[in-house]
Amino acid sequence: MNSYTPESQQRERIPTEICSDAEAGCLRLAGEIAALIRKNDKAGRSTVLGLATGSTPVRLYRQLIRLHREEGLSFRRVITFNLDEYYGLPRTHPESYWRFMHEQLFNHIDIPPENVNVPDGTVPRGEVFESCRKYEQKIRDAGGLDLQVLGIGRTGHVGFNEPGSGRDSRTRLVTLDNLTRRDAARDFLGEANVPHHAITMGVGTILEAREIVLLAWGEAKARVLAAAVEQPPADSLPASFLQGHPAVRFLVDAAAASELTRVKHPWLVGSVDWTPALARRAVVWLAQQVRKPVLKLLEEHYSEHGMAELLIEQGPAYQLNIRIFNELQHTITGWPGGKPNADDTHRPERAAPHPKRVVVFSPEPSDDVLGMGGTLRRLVEQGHEVTIIYQTSGNLAVPDEEAAMATDLMLELSRSASGQPAGAEFARKVHGQLGAKAAYDSDPDEIRRLKGLIRRGEARAALKICTVEPGQIRFADLPFYEKGRYRQFRIGDADVAAVVALLRELKPHQVFATGELDDPNSVAGICFEIIRQALAVTRADAWTKDCRVWLYRSPAKEWETAEIEMAVPLSPRELAWKIQAIYHHKSQRSQSPVGADLQEAWQQAEMRNRATAKIYDQLGLAEYEAIEAFRRLPAEGSQRRPAGR
Ligand code: GLP
């Protein structure tokens, strides 16, 4: 970095800015791009942009469209080069990047079609090399890239430069990583449909851009982002090669930044304000570093790990140890809805009222049991009035094979019964549609309806294991999802209104929700945003005064231990029930054999819950089989994590 770097960012080899959220980051970058275009227009020069696909830049493109429509920003002199394209897909394919770019941006601005360049994924194998060479030549002929926009894949890829790509790699045909293909599985309605190859600009090609901005939103990117920013550059993490570039920046949200040292372990990179939350985080970290239970931490452990300052402020060690031990201990409860008639001073949830009205929001069927199947069962057993709200039907995630099996079953039923059941006509229609569907066609309404029904059936079966009565289940089928497609979802007033109406009808004492730290363009991220907006609308309602909002996680990631505010232990039996419940979401199991490194959702959930219990055990608390963890939604406007300085 040329300019002054604050102490807290000394480990960062790439200037990284933590934006308040994805929207703010995209707004800023769009403004910068507009300024660049206007400056070049004035000088009579064209502007050459390198563009990316995926969820990450979607909001950026919406902002550019807005600037074009509302502020007259013209793209007549803009030339674009996209990073990559799946190999073997025709341009018309719904998942081709050519089509993606036209739907998300080019069709809505005044860019001349001849200025748009996307690698050609349709050239025969024998001509790929020449086609890639020409692509590079065209970039050079245009004067080189003024600005390259990037996202980052969970493997650390930029473009489709998977681990193993060299710093000097050029535009070429590549093989996609298993994890990348799995991440793309939803878009392609099944992993088996995801192409195995792609054409991508090389790392070397990208590094020739005069300026590079990488965007990352959501916690799924946190680990790989921190490695790219803080670890030495390596082939195993192609994004780390950006470190050598003279004008590279990362714009990220708080969730994507959460693994950076200045956010995760700020005491290691300078002096900090030792708030109680930070002290707890540091002590838990220290215990894990030295592999000791909290109560066995010594003065020297603190001082050897950059935490002497904390001891001066809040020590001596044993006293601090006891305080943190008690705090952690108080997160554990077998009474997630509060223990009736008990002293609740140190319990995560209040005793009264009992029973409580509890609402569990689940973005799609299965998120509920994956995140909190055991807790759900407890809440019901402990007499609370639990309502599960499935915000979306989840029909986009049901493979055709499942729908076909269901229609077969319905047709069979109609043949064996004497009269024609009412569903026979419908089944016949869907059966025909499934047969007529070309690969990757989007689903007509009837197929989506049937797939939604499949997920309803699975959800009911799963909730039966959790002892939830069918009458307690609501399927909200929010319009953003029913009318939308992946990467094209947009929240509408009707979505928020539907959730507001449900909340006002049910007047919950407890709400469980998820998706806060997910990619804001994902189904879970959007579902959370809808709940957030609905809670803002209902803020003045009387019932909200007595309502707590708890957050649960996807099985892929647990809360940081020190952030957990309620830890619900599961007995071996309860864990088995939970797995059985998840197992009922049959349509959500992987469609192709998974490699050893990739797990099914139920395996992830089991591992995660066991791992959380193990950590509690290692910290010296208690040895449970498994734990489901929650934290409370921070009040509106308050910062979840110190964003670093
Ligand atoms: C895709 C693209 C990348 C993109 C990345 C992340 O496969 N080839 O250019 O940056 O993976 O995708 P998303 O933004 O959807 O998380």
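**Ligand shell and sheet arrangement**

The residues that form the shell around the ligand comprise three nonpolar, six polar and three charged members. The model described here is predicted. In this model, the ligand is surrounded by G54, S55, T56, D84, Y97, G151, I152, H157, G159, F160, K221 and R487.

Several of these residues place N or O atoms close enough to the ligand to count as polar contacts, for which the cut-off is 3.5 Å. An N or O atom in the side chain of K221 lies 2.6 Å from an oxygen atom of the ligand. For S55 the backbone is involved, with an N or O atom at 2.8 Å from a ligand oxygen atom. In the case of Y97, a polar side-chain atom is found 3.4 Å from a nitrogen atom of the ligand. The ligand taken alone exposes 390 Å², and the protein buries 88% of that area.

One residue of the shell, D84, also belongs to a sheet, since strand 4 spans residues 84-86. In strand 8, the residue opposite D84 is T200. Strand 4 and strand 8 (residues 197-200) run antiparallel and are joined by three bridges. These strands belong to an open sheet of three strands in the order 4-8-7, with antiparallel pairing. Strand 4 and strand 7 (172-175) are the edge strands, and each pairs on one side only. From one strand to the next, the twist of this sheet averages 30°.

A second open sheet contains seven strands, ordered 13-12-11-14-15-17-16, and its pairing is mixed. Its edges are occupied by strand 13 (473-475) and strand 16; each has a single partner strand, so one side of each lacks a neighbour in the sheet. The twist here averages 25° between one strand and the next. Both senses of pairing can be illustrated. Strand 14 (residues 510-513) and strand 15 (residues 548-551) pair in the parallel sense over four bridges, and F512 has W550 in strand 15 as its bridge partner. By contrast, strand 16 runs antiparallel to strand 17 (residues 626-632), to which five bridges join it. Within that pair, V568 has E628 of strand 17 as its bridge partner.

Strand 16 (residues 566-570) also shows how an edge strand may be covered. In a regular strand, side chains alternate between the two faces of the sheet. M566, V568 and L570 point one way from strand 16, whereas A567 and P569 point the other way. Because five of the five residues of strand 16 are buried, this strand is largely enclosed by the rest of the structure.

How values were computed
Residues numbered from 1 in each chain as written. Predicted model: local features only at pLDDT ≥ 70, side-chain atom pairs only at ≥ 80, totals over all residues. Heavy atoms only, no water. Near = heavy atom within 4 Å. Polar contact = N/O pair within 3.5 Å; in protein donor to acceptor, adjacent residues only side chain to side chain. Areas by Shrake-Rupley, 256 points an atom, 1.4 Å probe, with all protein chains shown as cover. Nonpolar A, V, L, I, M, F, W, Y, C, P; charged D, E, K, R; others polar. Buried < 20%, exposed > 50% of the residue type's maximum accessible area, 1.4 Å probe, protein only. Helix = DSSP H or I, 4+ residues; strand = E, 2+ residues; numbered from the N terminus. Pairing = 2+ DSSP bridges. Axes fitted to C-alpha atoms, helices over the stretch in contact; angles between N-to-C directions.
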